[in-house]
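Hi there,

I'm passing a structure on to you, together with some notes on what turned up in it. Have a look at it first, and then read on with the view open beside you.

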Amino acid sequence: MPLFDPASVQAQTLRGDWEIFFGAAVVVAIIMFALILLPLLLWRRRGDALPPQFKKNRSFAYVYILTPFALVAVLFYFTFVKERSVDALVPSPYATVDVTAFRWSWQFVYPHARIRIVGTPQQPPVLVLPLGKITQVNLTSVDVNHAFWIPYFLFKRDAIAGMTNHFDLTPTRLGTFRGLCAEYCGLDHTLMTFQVKVISDADYRRWLATAGKSTP
């Protein structure tokens with residue numbers, strides 16, 4: 001379950017945001033269900049007489065108008081702080097990968113090592129990342145809009161034609177993770193997948209030295 005077992009530094013930061021939203025949703029749900037169920041239990045045997053009626057109660061009006069605004073403001077603040085942290089780019093990343101989305105696969109280029117990996121819907125490409133190191137990804141598209149999504153990294157970013165998005169990824173666990181396009185982009189959208197293989201730094205440098213020809 002990616003939410004409980006994220007595999008990157010950025011995901012661990014974003015998980016905190018998800019937990020805050022989930023906690024707020026649970027509190028709101030408990031209050032709303034209590035307001036619905038309590039009247040049913042308290043007044044269900046009081047005959048047909050109406051309970052006390054009141055209107056123009058400014059105190060109640062202020063509470064149910066201002067409370068949602070306050071809740072949204074708090075959620076916005078925590079989201080802004082965490083997103084700002086995740087979106088921050090380090091000036092000197094350990095590695096750089098240029099990712100290009102196209103109908104219906106991905107291209108990964110390691111400019112400093114002259115490695116170019118192009119996938120197909122039948123043979124999804126493999127994005128190789130070093131464990132515990134910051135990799136800067138430069139993401140774009142050559143046709144329609146796509147979305148680069150790695151569920152175990154809790155990370156999704158749009159790949160937009162004519163525009164390049166930059167972000168950092170720092171894996172924290174060895175292994176192979178599934179990646180996919182998260183925005184419907186055409187007939188073979190569901191086949192637009194890739195793999196993310198996280199290997200040790202020593203294996204990564206060995207893989208770069210062979211220009212990507214060895215098995216990562």
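Let's begin with a salt bridge: in this predicted model, R173 pairs with D5, and their closest N and O atoms are 3.3 Å apart. R173 sits in the loop between β8 (165-169) and β9 (175-181), while D5 belongs to the segment before α1 (9-43), so the pair ties together parts that are 168 residues apart in sequence. Are these two residues buried, exposed or partly exposed? R173 has a relative accessible area of 27%, so it counts as partly exposed. D5 is partly exposed too, because its value is 38%. If salt bridges are new to you, the general idea is that side chains of opposite charge can pair when their charged atoms come close.

The count of salt bridges comes to five, and I'd like to show you two others. D87 forms one with R157, where the closest N and O atoms are 3.0 Å apart. This pair also links distant parts of the chain, with D87 in helix α2 and R157 in strand β7 (residues 155-159), 70 residues apart. D87 is partly exposed at 36% relative accessible area, whereas R157 is buried at 18%. The cut-off helps here: buried means under 20%, so R157 with its 18% falls on the buried side.

The other one joins the side chains of D201 and R205, at 3.3 Å from N to O. Both residues lie in helix α3 (residues 201-209), four residues apart, which is about one turn of the helix. D201 is buried, with a relative accessible area of 19%, and R205 is partly exposed, with 47%.

Next, the inside of the model. Which residues touch the most other members of the largest nonpolar core? That core has 34 residues, and the ones with the most contacts to other members are W106, F108, Y110, F148, F153 and V196. Try picking V196 in your viewer: leaving aside residues up to four places away in sequence, V196 touches L127, L129, I150, F153, G175, T176 and F177.

Aromatic rings are worth a tour as well. W106, F108, F148, F155, F167 and F194 form one aromatic cluster. W106, F108 and F148 should ring a bell, since they are among the core residues that touch the most other members.

How many aromatic pairs does the structure hold? There are 13 of them. One is made by Y77 and F78, an edge-to-face pair with 5.5 Å from centre to centre and 70 degrees between the planes. F78 is partly exposed, at 34% relative accessibility. Another pair is Y152 with F177, which is tilted: the centres are 5.7 Å apart and the planes stand at 45 degrees. Here again distant parts of the chain are linked, as Y152 is in the loop between β6 (146-150) and β7 and F177 is in strand β9, 25 residues apart. Y152 is partly exposed at 27%, but F177 is buried at 6%. You have met F177 already, as one of the residues that V196 touches.

Now to the outside. On the surface there is a nonpolar patch made of F54, F60, Y62, Y64, I65, L66 and F69, and together these residues have about 880 Å² of accessible area. F60 is a handy place to start looking: F60 lies in helix α2 (residues 58-87) and is partly exposed, with a relative accessible area of 46%.

Finally, some backbone details to look up. R103 and W104 are joined by a cis peptide bond, with omega at about 5 degrees. W104 is in the loop between β1 (95-102) and β2 (105-110). R114 has a positive phi of about 55 degrees although it is not a glycine. You can find R114 in the loop between β2 and β3 (115-118), and with a relative accessible area of 79% R114 is exposed. A211 is not a glycine either, yet its phi is positive at about 60 degrees. A211 is in the segment after α3 and counts as partly exposed, at 36% relative accessibility.

Enjoy exploring, and send me your questions whenever you like.

Best wishes

How values were computed
Residues numbered from 1 in each chain as written. Predicted model: local features only at pLDDT ≥ 70, side-chain atom pairs only at ≥ 80, totals over all residues. Heavy atoms only, no water. Patch = residues over 30% accessible without salt bridge, like charges linked within 9 Å, V, L, I, M, F, W, Y side chains within 5 Å. Areas by Shrake-Rupley, 256 points an atom, 1.4 Å probe, with all protein chains shown as cover. Salt bridge = Lys/Arg side-chain N within 4 Å of Asp/Glu carboxyl O. Helix = DSSP H or I, 4+ residues; strand = E, 2+ residues; numbered from the N terminus. Buried < 20%, exposed > 50% of the residue type's maximum accessible area, 1.4 Å probe, protein only. Core = buried A, V, L, I, M, F, W, Y, C linked by side-chain atoms within 4.5 Å. Contact = heavy atoms within 4.5 Å. Phe/Tyr/Trp six-rings, centres within 6.5 Å; stacked < 30°, edge-to-face > 60°.
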